[in-house]
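Here are my notes on this model, point by point. Please keep the structure open while you read.

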Amino acid sequence: MKKIEIAAYGAPEEVARCVEAGELGPPGPGEIVFDVLAFPINPADLSFCRGNYRLHPALPATPGAECVGRVTAIGAGVAGIKPGDLVVNMQRENWAQARRIKADDAVPIPAGVDLAQAAMLRINPPTALLLLEDHVALGHGDWLIQDVANSAVGRHLIVLAHARGLRTINVVRRADVEAELRALGADVVLQDGPDLAQRARDAASGAPIRLGIDAISGEATRQIMQCVADGGVVVNYGGLSGEDPRIDRPSLGVRGVSLMGFMLGRGLAKRSPEAVRALYADLGTKLRDGTLRAPIDSSYPIEAIRQALLHAQRAGRHGKILVLPNGPL
Ligand SMILES: NC(=O)c1ccc[n+]([C@@H]2O[C@H](COP(=O)([O-])OP(=O)(O)OC[C@H]3O[C@@H](n4cnc5c(N)ncnc54)[C@H](OP(=O)(O)O)[C@@H]3O)[C@@H](O)[C@H]2O)c1
């Protein structure tokens, strides 16, 4: 069995290696074994390899926050999952050809889901959903603004917000994605740059922008704070600039804008296991019917992890980079 290992923290394409690992063996009681069909390379995986992520496991370590798998064997006492089922693993270390995990950590997903989309179900769709649900009670017609709108999270958020009758201002760093984001339901697409707050206010025709969502940090956080109306909330959920968020004291102190941080794990931990499964079942249905879809730029075999990682770090991608550890889907 092959898996990806990092033996040191550093440039992802330098530290990640595809290595031969021992066979997993049969599942023990309460365990399942599955073949990993696909995994995406997410920004957090790149941070993990660089040593910038919140988790620093002992090395060597296997990255991989998410994947989709097909169950090959179940251990004694496992109910509700059978060989052949598709599952998403709620635990890490998924950059491998196969995994043996506790059955309780597997979320079954509906048959008929596009496998490549299913590989990207665990993290970004619920992140978009919880960013919308957990911070500000927004009503029909309310405005929000987000940066990194062309990311997978940003695209899911546009779709979910539009379905609720919310209006979105979407900040991007390249103009060529505007038509695609509008087709998803984006009300406004603005290119990042000077006078963003004024352009956002104009776009909303002076209506209050009650929620701001930022995944860049650094100066971008300050900019989004300036876009949000008095008493509004900015939620920071990423640090693509590599910097800590900068805040704007007049926005914070004089206008009463709040800055909050979001982490999917904390958001899910507030919900019961039943609610989490229901949330994933609903998002799985939305993947299956095509309501939610993250574009995919390219796919690579597991042996080509270096090329895959280099590609994932290139600007101007047209979607995610996927790795298919057991061959084409
Ligand atoms: N807190 C959480 O629990 C959580 C959960 C999921 C994701 N996230 C975060 O959400 C963000 C998006 O993740 P994703 O998987 O949706 O991303 P993705 O689909 O891989 O897309 C990455 C996006 O980031 C943009 N980008 C990259 N570097 C940038 C920079 N320095 N300034 C502005 N934009 C930049 C790219 O813009 P172009 O399209 O122009 O190339 C692209 O749209 C990441 O920061 C990720 O870590 C956080």
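1. Start with the domain contact. Five residues of domain 1 touch six residues of domain 2. On the domain 1 side, the touching residues are three nonpolar, one polar and one charged. Bear in mind throughout that this is a predicted model.

2. Next, the domain bounds. The domain assignment gives domain 1 as 2-120 + 294-324 and domain 2 as 124-265. How far apart do the C-alpha centres of the two domains lie? The separation between these centres is 30 Å.

3. Now the ligand. The shell around the ligand holds 26 residues. Which of them come nearest? They are Ser151, Ala152, Val153, Gly238 and Leu264. Both domains take part: domain 1 and domain 2 each give at least three residues to the shell.

4. The make-up of the shell is worth noting. By class, 14 of its residues are nonpolar, eight are polar and four are charged. Three helices each supply at least two shell residues: helix 2 (43-50), helix 4 and helix 5.

5. Helix 4 and helix 5 also pack on each other. Helix 4 covers residues 124-133, and helix 5 covers residues 152-163. Their axes are 8 Å apart and make an angle of about 50 degrees. Angles from 35 to 65 degrees fall in the oblique class, and the two helices are therefore oblique to each other. The crossing of helix 4 past helix 5 is right-handed.

6. Who makes that contact? From helix 4 come Asn124, Pro125, Thr127, Ala128, Leu129, Leu131 and Leu132. From helix 5 come Ala152, Val153, His156, Leu157, Leu160 and Ala161. Sorted by class, the contact of helix 4 with helix 5 has 10 nonpolar residues, three polar and no charged. Two of the names recur: Ala152 and Val153 belong to this contact, and both are listed among the residues that come nearest to the ligand.

7. A second helix pair deserves a look. Helix 7 (residues 196-203) and helix 8 (residues 219-227) cross at roughly 35 degrees. Their axes come within 8 Å. Is the crossing left-handed or right-handed? Helix 7 passes helix 8 in a right-handed crossing.

8. The residues of this second contact are as follows. Helix 7 brings Leu196, Ala197 and Ala200. Helix 8 answers with Gln223, Gln226 and Cys227. Four of the contact residues are nonpolar, two are polar and none is charged.

9. Two backbone details remain. Which peptide bond is cis? The bond from Leu59 to Pro60 is, with omega near 0 degrees. Pro60 sits in the loop between helix 2 and strand 4 (68-74).

10. The other detail is Val148. Its phi is positive, at about 55 degrees, although Val148 is not a glycine. Where does Val148 lie? It is in the loop that runs between strand 8 (143-146) and helix 5.

Methods
Residues numbered from 1 in each chain as written. Predicted model: local features only at pLDDT ≥ 70, side-chain atom pairs only at ≥ 80, totals over all residues. Axes fitted to C-alpha atoms, helices over the stretch in contact; angles between N-to-C directions. Helix = DSSP H or I, 4+ residues; strand = E, 2+ residues; numbered from the N terminus. Parallel < 35°, antiparallel > 145°, perpendicular 65-115°, else oblique. Left-handed = near helix turned anticlockwise from the far one by under 90°. Contact = placed C-beta atoms within 7 Å. Nonpolar A, V, L, I, M, F, W, Y, C, P; charged D, E, K, R; others polar. Near = placed C-beta within 6 Å. Domains from an automatic or database assignment.
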